[in-house]
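Hi,

Here is the model I promised to pass on. Have a look at it first, and my notes follow underneath.

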Amino acid sequence: MTSISGKTDIDWNAFAAALAPVETIAEPVLVKKRSRDFFWYSPILNAELKTCFGDLVARPKSLDEMAHVLATAHAHNAPIVLRGGGTGNYGQSVPMAGGLIIDTTAMNKVLEVGDGYVRAEAGALMADINAALADSGQEMAMFPSTQDIATVGGFVAGGSAGIGSIANGALRDPGNLMALTALSVEAAPQARVFEGAETLHIHHAWGLNGVITEVTLRTVPKRDWVGCMATFDAYDTAYATGHAIAQAGDIAAKLITTVDARICAYFPKLDGHIRKDKHLLVSMIPAEDQDAFRRLITAQGGHVDLMMTDAARQDMGLPHVFDFSYNHTTLQVLKADRSATYQQVGCPIPPDPQAIAALRPKLGDDVWMHHEFARVGAEIVTFDLPIIWFTTPERLAEINATYEANGFPVYDAHTWNVEGGGLKADYTHLAWKKRMDPKGLLNSPKSRFWDAVKDLTPEQIEVKGAK
Ligand SMILES: Cc1cc2nc3c(=O)[nH]c(=O)nc-3n(C[C@H](O)[C@H](O)[C@H](O)COP(=O)(O)OP(=O)(O)OC[C@H]3O[C@@H](n4cnc5c(N)ncnc54)[C@H](O)[C@@H]3O)c2cc1C
């Protein structure tokens with residue numbers, strides 16, 4: 001079999017035979033499909049990554065099969081990219097060096113439901129984990145808006161926060177990611193358990209620093225959630241109300257999102273359900289907090305458009321309210337117009353509606369704000385995932401500079417290297433890559449620094465990273 005990627009000189013027929021009895025996919029159309037994620041959100045990443053393909057897909061269904069796949073890749077010096085649901089936004093699971101794609105979705109068992117935690121195989125879908133928790137009266141502390149197709153391993157390796165983060169913090173906050181098991185890529189792959197803060201060596205490392213096979217996450221008591229939508233005349237009032245909800249002692253919100261009215265024009269499913277041309281606040285609150293929520297919205301000059309239990313939502317034929325939050329907001333616009341893109345921007349802490357109001361006119365008509373509220377550590381933080389009407393890289397750079405000059409740090413969504421997005425800014429995490437993947441087979445082109453440190457010992461990398 002010739003190399004689909006054109007980047008490897010491995011005999012992929014022999015390789016596939018060596019993987020038996022593990023399921024493999026060699027059909028070029030299917031391999032190419034599994035070489036993509038949601039990098040096309042970014043026109044810059046799209047241009048750089050759309051012609052990068054793997055050569056073969058393996059789909060192990062047990063720990064033993066996974067170890068066999070990794071040992072075979074090690075023997076052939078085959079580049080490896082892990083893939084869960086393929087919903088990453090930065091091309092994290094695009095095989096830039098060609099090679100083997102390992103699809104984890106057949107390793108999908110929920111292994112244990114305990115009091116305050118759940119343990120699952122890395123390929124389990126988050127929606128399935130939430131469903132498995134229901135009987136025990138629990139739910140996940142947070143999940144990404146992609147829960148129907150994203151895996152828990154992909155969330156831990158590529159995600160950061162989600163629905164629930166306004167109550168329970170980011171994934172990296174102490175107690176949320178309780179433990180994980182990762183396999184090394186060696187002649188005889190070793191399983192290593194990471195607990196507590198040690199999990200951060202592997203979290204958000206985009207599958208460079210070990211192959212996650214099992215994850216233990218914190219769970220919280222299940223509540224009866226009501227999906228809410230309220231509308232406002234001014235964006236900064238919607239934002240200020242979001243902050244007021246986050247601070248309110250009588251509203252235990254699980255989601256708080258604010259969306260510029262111009263973005264809401266791209267939500268056809270909400271036509272007739274929310275007021276037209278108004279700025280939107282999306283929230284999930286416990287059923288018993290509805291009166292307090294209604295009072296607060298009215299006191300802030302807003303209008304409650306929708307308050308619905310899940311059953312009512314289904315009767316009305318509406319999507320989940322979180323389909324209008326996080327990166328689903330961007331997706332709603334992209335469904336209508338592929339010239340839109342987005343950015344990831346931090347905001348002053350504590351949230352400052354006046355700073356948001358002052359920034360809006362400086363950004364220009366091609367930037368439409370959308371904020372998510374979360375807790376990181378004990379603090380209420382917000383971040384902007386604006387819709388940007390892309391014209392040129394230069395204009396994008398100018399928008400970034402305007403944000404930064406006004407005290408809003410940009411965590412660039414248009415970069416394909418793991419050190420570019422903010423959570424793994426230096427060398428240090430690569431010490432764990434050296435320990436877990438000494439040959440550097442796991443997704444190495446995604447690190448800006450790997451080539452510079454790959455011949456050092458893990459300890460030397462740690463010292464260099466600390467400088
Ligand atoms: C519409 C939309 C909405 C989103 N909303 C959110 C959100 O609310 N919160 C959020 O944090 N993110 C969000 N994201 C980003 C993404 O969905 C999440 O990061 C998601 O959890 C990724 O899971 P996945 O299974 O699709 O991972 P993939 O995209 O398959 O993989 C992500 C990264 O993890 C690596 N990986 C996968 N499995 C393993 C493994 N077993 N071991 C080691 N590495 C592995 C991959 O190589 C890749 O680098 C969103 C994306 C989209 C497109």
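Which residues have the most contacts inside the largest nonpolar core? They are Leu180, Met229 and Leu280, and that core has 76 residues. Bear in mind while you read that this is a predicted model.

Met229 is worth clicking on. Setting aside its neighbours within four places in sequence, Met229 is in contact with Leu270, Ile274, Leu280, Leu281, Val282, Val304, Leu306, Val321 and Phe324, and also with His303 and Asp305. Another core, of 40 residues, lies apart from the one with Met229. Tyr239, Met369, Ile388 and Phe390 are among the residues of this other core.

Now for the helices. H8 runs over residues 235-247 and packs with H13, residues 353-363, at an angle of about 155 degrees, the two axes being 9 Å apart. H8 and H13 are therefore roughly antiparallel to each other, and H8 passes H13 in a right-handed crossing. On the H8 side you'll find Tyr235, Asp236, Tyr239 and Ala240, which meet Pro353, Ile356, Ala357 and Arg360 of H13. Sorted by class, that contact has six nonpolar and two charged residues, with no polar ones. Tyr239 turns up here as well as in the core of 40 residues.

H8 has a second partner to look at, H10 (residues 290-299): their axes come within 10 Å and cross at roughly 145 degrees. This crossing of H8 past H10 is right-handed too. Thr241, Ala244 and Ile245 of H8 make the contact with Phe293, Leu296 and Ile297 of H10. By class, there are five nonpolar residues, one polar and no charged ones between H8 and H10.

Cheers

Methods. Residues are numbered from 1 along each chain as its sequence is written. This is a predicted model: local features need pLDDT of at least 70, side-chain atom pairs count only at pLDDT 80 or more; totals for chains, interfaces and linings use all residues. Side-chain values use heavy atoms; hydrogens and water are left out. A nonpolar core is a set of buried Ala, Val, Leu, Ile, Met, Phe, Trp, Tyr and Cys residues joined through side-chain atoms within 4.5 Å. Buried means under 20% relative accessible area, exposed over 50%, partly exposed in between (1.4 Å probe, protein chains only). Contact means heavy atoms within 4.5 Å. Axes are lines fitted to C-alpha atoms, for helices over the stretch in contact, and angles run from 0 to 180 degrees between N-to-C directions. Helices (H or I, at least four residues) and strands (E, at least two) are DSSP runs, numbered from the N terminus. Angles under 35 degrees count as roughly parallel, over 145 as roughly antiparallel, 65 to 115 as roughly perpendicular and the rest as oblique. A crossing is left-handed if the near helix is turned anticlockwise from the far one by less than a right angle, and right-handed if clockwise. Ala, Val, Leu, Ile, Met, Phe, Trp, Tyr, Cys and Pro count as nonpolar, Asp, Glu, Lys and Arg as charged, and the others, Gly among them, as polar.
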